[in-house]
Amino acid sequence: MRIHISILALGLLAGCMGSGGTGVDVVPAPSVSLVANNTLGPLLNDVRAANDADPLNFNNRLALAAQVHANDMLRNDFFSHTGSDASEVGDRVTAQGYTWSRVGENIAQGHQSEAAVMRGWTNSPGHHRNNIDPNYQDFGLGKAGSGGDLHWVLVLATPG
């Protein structure tokens, strides 16, 4: 219960901060929950450790940016790094109040678990390159939908 209240409070706080004119949603759709306490972090950090990269820290603002994009892809029935409002990952991260110097994003669709999506990203050279990039420090995960229409978004960033 506490985690849900904290997430709601963070979402409301983010909504008060404004989006800086980007037009990007700040609060995730209430019908889809934020993935705040997940098992992807240990899976991701195990892959990073095996590739001599430091572990990443979970960041709520990055999780909100990831969730906004996952919600957008589900709600508007598309699959792309570019949002339905033409936003890019940097726009969505900035809208959540995270000041970044480096940002990246992995997306996936249809994987039924965090372990499955992590395997998919590890087996994809471009996604894997993001996962093990030693320049990233933080991550956030979002997911929306179900079954074959389950959308995953991993945002990786370094504060600026």
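These are my notebook entries on what I looked up in this structure.

**Entry 1: the whole chain**

I noted at the outset that this is a predicted model. I counted the elements next. The protein chain has six helices and four strands. I then read their order from the N terminus, which is α-α-β-α-α-β-α-α-β-β. I also looked up burial for the chain. Of its 160 residues, 49% count as buried. Last came the contacts with a separation of 6 or more. Residues 24 or more positions apart account for 71% of them.

**Entry 2: helix 2 and helix 6**

I turned to helix packing. Two packed helices are described by the angle between their axes and the distance between the axes. I took helix 2, residues 40–50, and helix 6, residues 125–132. Their axes come within 9 Å and cross at roughly 90°. Helix 2 and helix 6 are therefore roughly perpendicular to each other, because angles of 65 to 115 degrees count that way.

Which residues in helix 2 meet helix 6? I found L44, V47 and R48 on the helix 2 side. On the helix 6 side I found H128, N130, N131 and I132. I sorted this contact by class and got three nonpolar, three polar and one charged residues.

**Entry 3: helix 5 and helix 6**

I stayed with helix 6 and looked up helix 5, residues 114–122. These two pack at an angle of about 105°, with their axes 6 Å apart. That makes helix 5 roughly perpendicular to helix 6. From helix 5, the residues that meet helix 6 are M118, W121 and T122. Their partners in helix 6 are H127, H128 and N131. By class, I noted two nonpolar, four polar and no charged residues in this contact.

I compared the two lists for helix 6. H128 and N131 are among the residues that meet helix 2, and both also meet helix 5.

**Entry 4: an aromatic pair**

I searched for paired rings. How many aromatic pairs are there? The count comes to one. F58 and F139 form this pair, and the arrangement is edge-to-face. I noted 5.6 Å centre to centre and 80° between the planes. The label fits because planes over 60 degrees apart count as edge-to-face.

I placed both rings in the chain. F58 lies in strand 1, residues 57–58, and F139 in strand 3, residues 138–144, so the pair ties together parts that are 81 residues apart in sequence. I checked accessibility too. F58 counts as partly exposed, at 29% relative accessibility. F139 is buried, with a relative accessible area of 3%.

**Entry 5: R61**

I looked up R61 and found it in helix 3, residues 60–76. R61 counts as partly exposed, at 24% relative accessibility. I then checked R61 against G97, which is 36 residues away along the chain. The C-alpha atoms of R61 and G97 are separated by 6.9 Å.

**Entry 6: T158 and its surroundings**

My last stop was T158, in strand 4, residues 151–159. Is T158 buried or exposed? I found it buried, at 9% relative accessibility, because the cut-off for buried is under 20%.

I listed its contacts, leaving aside neighbours within four places in sequence. One set is Y98, T99, W100, S101 and R102. The others are N135, Y136 and Q137.

Two of these residues came up again. The charged end of R102 sits over the ring of Y136. I noted 5.4 Å from the ring centre.

Technical notes:
Residues numbered from 1 in each chain as written. Predicted model: local features only at pLDDT ≥ 70, side-chain atom pairs only at ≥ 80, totals over all residues. Heavy atoms only, no water. Buried < 20%, exposed > 50% of the residue type's maximum accessible area, 1.4 Å probe, protein only. Contact = heavy atoms within 4.5 Å. Phe/Tyr/Trp six-rings, centres within 6.5 Å; stacked < 30°, edge-to-face > 60°. Lys NZ or Arg CZ within 6 Å of the ring centre and 35° of its normal. Axes fitted to C-alpha atoms, helices over the stretch in contact; angles between N-to-C directions. Parallel < 35°, antiparallel > 145°, perpendicular 65-115°, else oblique. Nonpolar A, V, L, I, M, F, W, Y, C, P; charged D, E, K, R; others polar.
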